[in-house]
Amino acid sequence: MARRGKAAGGPPLRARLVLLGPGLSYLAVLLLLPLALLIGYTVFRRGRFGGIAYEDGSTGENFARITDPLYAGVLTDSLRIAAVTTLLALLLGYPTAYAISRLPGRWRTVALVLVVLPFWTNFLIRTYAWIVLLSSRGVVNSALTGIGVIDRPLKLLYTEPAVVLGLLYAYLPLMVLPLYSAIERVDPRLLEASADLGARPARTYLSVTLPHTLPGVLTGCVFVFVPSLGNFVVPELLGGGHTVMVGNLIRDQFLNARDWPFGSVLALALMAFLVLLLMAQAWAGRRLGGR
Amino acid sequence: MSVAATAAVLALLLPGCGADGQPGGSGPAASASLDPEADLRKQRLTVSNWDGYMPKDLPARFESAVGAPMTVAKHGTNEEIVAKLTASADSGIDVAFVSGQYAQALAAQGLLEPIHHDLVPHLRNLDPLAARLAHDKGNVYSVPYTWGTTGLCYRKDLLGYTPDSWNDLLKPRAAVKGRATMLKTERWLFLPAQKALGYSVNTTDEQQLARVKELLLTAKDDLLAYDDTTFGDRLGSGEAVLAEAWDGWCPTDDKRIGFVVPKEGSDLWTDTMVILKSSKNKEAAHAFIDYVLDAKVHSWVASNIFYKVPNTAAMAELDPALLKSYPALAMAPEQLLKGESVVDLGDAATAYTRIVTEVTAG
Amino acid sequence: MRRATLLPLWLTYAFLYTPVVVLVVMSFNRSASPYEWSGFSTAWYGTLAGDDEILRGLANTLIVAAGATALSTVLGTLLAVGLARHASGSRLLPALSVLPAVLPDIVLAIGLLAFYSLVSATLGLHSVLLAHTVFGLAFVTAVVRTRIAHVDPSLEEASRDLGANEVTTFLRITLPTLAPGIVAGALLTFTLSLDEFVIAFFTAGPKDPTLPIVIYSMIRFGVTPEINALATLLLAVSFTVVIAAQRVSRLTEAL
């Protein structure tokens, strides 16, 4: 760390203003102010034709609605869907990252690039490709009926598993990348030492590799969980209106119900939850890092 | 420095200093006087409409007829465009196409320029009934563009019977289970259940809404999907056999597909053209509406988009062959008026959104 | 054993590329239906080239991405240096600087919509550009900060000892050593901005949709092979860029 304000020579206040000022004021105006606004909106009521009715303060009312079984249900559904997605991403992503780290050097980059490459074409189009695959006349059903496994098309599309699949597809690379860099960073000498001491590969993995990669696991899980939780496009396209997540709920409060105060409450709830999650991750990361 | 950065951000954001580079100056007072002699060639018109809801070469024809160049912006749904028009001081949109109840809500928020009837002489072509619609009596803020109703669009060959009730959709026979779609947009998602139960499409009665919800929840289990836009393709491919549909979007030119308005009744929806108060091209905006209402133009529009237009002179000019393949086009206004007008519900809208959430999440 | 280790990798590739293969194949389908193959055709690429709406969306997207990247790079680099040199004791400021990167995009989107609405802003390309800069700034700051951690401070010291003033030192020593981090942050911002949908959906003016918004509205009517053709082209361009980047980096290593 470069900790040397004293040696700067010139007036440090000016340097500080020039360097920190623009970025921080930008964030103050276009990040903190909007978030403060959302907090402010929660105490007002919806205007009759949308917008905000400033005259009717009713702080408790908007927050009370979130405990309503309907909205609480959507929140828990969203948490479950995001959690299942994250778990699947981990189950598939960890062995994938591990496999990449075992490749010969020049192939590793290629393998990694191949994981990220689909990211560079439009997210909505890629999601739509799944509709083509999963619909009752789609590729999967045609193949299954073709080889006689089933005689009637399965209902794959517009289900919760389809939503999980779509989210997994969208965010799997965000799991693989941090896992790879964590696995890659495990000092090979540690592995050698373990082997020299007579540990079998499985034992080496459990007592050396796994503990050292847990911070990467945490990062990957947060990277997948956070965007999955707030996504509203995948539930809309692959859920066909049968699956509602908190992202859809927020969007609908702003567009359909034109109920900005309640939409703000939902957004803040989502944010509060994620802040807790990040704090937990930072805490766990420190504990693991201290090993 | 930090003050300068903040100021720069704010300056970029403030109305009139934005990318358009046109200085502001149109206060509320500007609506009072429009210049009928204004040089329209100096105005640039921007019109927002749904995708595929007007002929592709309408802008070019308008420009050559009137002189004002015109660009088209597209919106996906009423909700999207209303959110944009509400959030933005100057959206850059001069004329927007929105459904009647949304025109009502925009007018209530003071965002619309009153229609200057003297600048729209072709208003006389409008069906007199179209000036008495509940969302805007007397066409104060909006001019009807199309109107129609909602019904059942179905595959004659695959269904085996002619549906005549909303219950054919809500309590489907075995052959229809998993092969029916309903409209997704809030008010029309409610409509089949409201009409099947004999309620108004504008009901705000809690008990009625609770029963509507129950019915929608049971119906959901047998549904393929909620679908506003692709039910025509699904019917064509046979993935769906029955769909709740707006009349103009039921592809009855396919001989296997039929359209029926259920016996319990339906709605009368209107899509309208409105002029934004923030528009800086109000004369051209009026000229555009007047151009559309021209009998020849409006009938050309109808024959392109297959929706009825509330324009008596234009409907008279339609090709009889077209009326034959699109029977819904031939519906008489009196018949249409049996449907109930959809109006904005103000505060009750939240109850509707809540029920939609309950139904779809349930 | 080796085969067993590689199996998950192949599984992941199969999962990631099956939809990609489907959309590439369908872009060459003569029929408009995605469900039946009716012969090879490149006609949809012609349709695409003549589609004003998509081309306008593409132009808008490039303007936003380029502008947001430029702004983010300047603000983010200054902020990263500032945080490392003048706020090393603070934990709040670094946290603030990464907040936009971890904030769910829907929250940022509606927050900005509410803000724009409150100050009666005009919505247009500039409002998306400013919004994208919020997260771009966070990514550039984060990437450049990791780079600073590896920079030897004695270089800057030497420069000052030799009489260079602060500005000269910043321009001639600090910036060049940070360049790889700055470039990486800029590329990341550009890539993210190109495909960003949710924030753009809420903050774009109705006149100026970005490409993802255009695609979103088209997709609701079912995807035509035209959209698949677009996706294929985007993919081809990124393939080329990746390969070119590989070549260039190999070349610079060789020098």
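**Close-up 1. Chain C, 48% buried.** Of the 255 residues in chain C, 48% count as buried; as everywhere here, we're looking at a predicted model. Chain C has 11 helices and zero strands, so to speak an α-α-α-α-α-α-α-α-α-α-α run when read from the N terminus. Along the principal axes, the C-alpha trace of chain C spans about 75 × 60 × 35 Å. Take the contacts in chain C with a separation of 6 or more: 78% of them come from residues 24 or more positions apart.

**Close-up 2. Where chain B touches chain A.** Chain B puts 28 residues into this contact, and chain A puts in 33 residues. On the chain B side, the elements giving two or more residues are helix 1 (2-13), helix 3 (78-87), helix 4 (100-108), strand 7 (225-226) and helix 15 (349-361). Helix 15 of chain B chips in the largest share of that side, with eight residues. As for chemistry, the chain B side splits into 10 nonpolar, 10 polar and eight charged residues.

**Close-up 3. The two domains of chain B, face to face.** The domain assignment splits chain B into domain 1 (25-147 + 270-331) and domain 2 (150-265 + 340-361). Their C-alpha centres lie 28 Å apart. Where the two meet, domain 1 of chain B supplies 15 residues and domain 2 of chain B supplies 11 residues. Helix 4 of chain B brings four residues, the largest share of the domain 1 side. That domain 1 side is made up of nine nonpolar and six polar residues, with no charged ones.

Definitions and conventions: Residues are numbered from 1 along each chain as its sequence is written. Chains are lettered from A and ligands numbered from 1 in the order in which they are written. This is a predicted model: local features need pLDDT of at least 70, side-chain atom pairs count only at pLDDT 80 or more; totals for chains, interfaces and linings use all residues. Two residues are in contact if their C-beta atoms, placed from the backbone, lie within 7 Å. Ala, Val, Leu, Ile, Met, Phe, Trp, Tyr, Cys and Pro count as nonpolar, Asp, Glu, Lys and Arg as charged, and the others, Gly among them, as polar. Domain bounds come from an automatic or database domain assignment. A residue is buried if 20 or more other C-beta atoms lie within 10 Å of its own, exposed if 12 or fewer, and partly exposed in between; C-beta atoms are placed from the backbone.
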